[in-house]
Amino acid sequence: MSTPQPSMPQAQPAVPNWQAAGGPAYTGYTSPIPVVRTHLGHAIASEWTKIRSVRSTMWTLGVFVLIMIGIGLGAAALIAANSSPDDLRDQNPLSFGFFGLLLGSMCVITLGVLTTASEYGTGMIRTTMVACPSRGRVLAAKSIVFFTVAFVITLVSVLLVALADVAMLDGAPAPTGQEWLKGTLGISLYIALLGLLSLIIGSIIRHSAGAITIMIGVVLAPLVIALFMFSQSLEGVRQALFEYSIPNQLSVFYANSLTDSGPSGWDPLWIILGVTAVAFAGAYALLENRDV
């Protein structure tokens with residue numbers, strides 16, 4: 001039989017002096033990283049980093065500038081080479097930038113949709129919402145950054161084309177101050193708002209291809225449908241589609257409306273502003289009540 005071994009005393013855990021002296025079990029911890037209350041400016045900085053770091057921004061805006069300048073100057077050069085001073089006597093030289101502007105607006109629409117809808121497609125929107133739980137703040141930041149970028153790029157492109165067209169078309173009358181204001185600032189605000197509307201539709205639809213298709217339909221469908229309305233009973237509808245189609249509203253800024261009635265002056269800008277505001281309110285309500 002084995003002799004039972006005496007039990008060894010168990011080692012007691014060392015008690016720190018501050019605990020033995022009756023101090024608290026846990027001390028307070030102060031992080032060396034300063035805690036800053038986030039605000040809209042932080043969200044804007046984040047969205048600015050996103051929009052300038054993705055390749056889609058470079059491609060869409062690059063193509064937009066090329067279309068605007070290329071078609072605008074090409075149209076003016078063609079008209080200058082094939083028109084006499086008498087033919088240009090009643091022409092607004094700024095209006096020849098319209099050809100590139102209508103096609104270039106598709107690029108702004110595409111970028112607007114991708115600014116929001118692409119995040120839903122990749123799942124990046126979850127990271128965005130974790131970083132900034134205030135969904136309304138995210139939508140506002142995206143809107144501010146995109147609108148600013150679209151407005152600045154459009155204004156610079158339109159202004160370059162306008163200056164070149166005025167210089168090339170010697171026989172055309174010099175634009176008035178009001179015509180300069182509408183043909184540069186007014187049209188740039190309209191295109192930026194059209195792109196912002198596309199951004200909002202992208203937030204609502206959450207699908208890039210679907211939202212782009214909807215926006216292209218909004219831009220082109222009313223005019224195309226009106227062209228094929230031959231019935232006399234539909235004349236009122238046909239007239240309204242002509243008057244309020246986006247191509248016609250763009251031409252109003254150059255005093256070249258397709259109809260003698262309908263929006264005039266700065267009316268197209270107020271119309272697109274009202275539509276965008278209503279769409280923004282709807283997108284905000286859906287964003288607050290839907291899961292990401």
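A salt bridge here is a side-chain nitrogen of Lys or Arg within 4 Å of a carboxyl oxygen of Asp or Glu. Keep that in mind as you click around this predicted model, where a search of the whole structure turns up 5 salt bridges.

**Stop 1: E47 and K142**

Select E47 and K142 to see one of them: the closest N and O atoms of this pair are 3.0 Å apart. The two residues sit in distant parts of the chain, with E47 in helix 2 (residues 40-53) and K142 in helix 6 (residues 135-168), 95 residues apart. Are they buried or exposed? E47 has a relative accessible area of 6%, so it counts as buried. K142 is buried too, because its relative accessibility is 4%.

**Stop 2: add E119**

Keep K142 on screen and bring in E119. Their side chains also meet in a salt bridge, at 2.4 Å from N to O. This is another link between distant parts of the chain, as E119 belongs to helix 4 and K142 to helix 6, 23 residues apart. Both E119 and K142 are buried.

**Stop 3: T116**

Stay in helix 4 (residues 98-122) and pick T116. With a relative accessible area of just 3%, T116 falls under the 20% cut-off and is therefore buried. Which residues does T116 touch, leaving out those up to four places away in sequence? They are K142, L199, G202 and S203, so you'll meet K142 from the earlier stops again here.

Now zoom in on the side chain of T116. One polar contact runs to the backbone oxygen of L199, at 2.9 Å. Another goes to the backbone nitrogen of S203, at 3.3 Å.

**Stop 4: two cysteines**

Next, select C107 and C132. C107 is buried, with a relative accessible area of 12%, and C132 is buried as well, at 13%. How many disulfides does the model have? The count comes to 0.

**Stop 5: helix 9**

Finish with R238 and E235, which both lie in helix 9 (residues 235-244), 3 residues apart, or about one turn of the helix. They form a salt bridge whose closest N and O atoms are 3.9 Å apart. R238 counts as partly exposed because its relative accessible area is 23%, and E235 is partly exposed at 30%.

For a last view, select E47, K50, E119 and K142 together: salt bridges that share partners join these four into one network.

Methods. Residues are numbered from 1 along each chain as its sequence is written. This is a predicted model: local features need pLDDT of at least 70, side-chain atom pairs count only at pLDDT 80 or more; totals for chains, interfaces and linings use all residues. Side-chain values use heavy atoms; hydrogens and water are left out. Helices (H or I, at least four residues) and strands (E, at least two) are DSSP runs, numbered from the N terminus. Buried means under 20% relative accessible area, exposed over 50%, partly exposed in between (1.4 Å probe, protein chains only). A polar contact is a pair of N or O atoms within 3.5 Å; within protein, one must be able to donate a hydrogen and the other to accept it, and residues adjacent in sequence count only if both atoms are side-chain atoms. Contact means heavy atoms within 4.5 Å. A disulfide is a pair of cysteine sulfur atoms within 2.5 Å.
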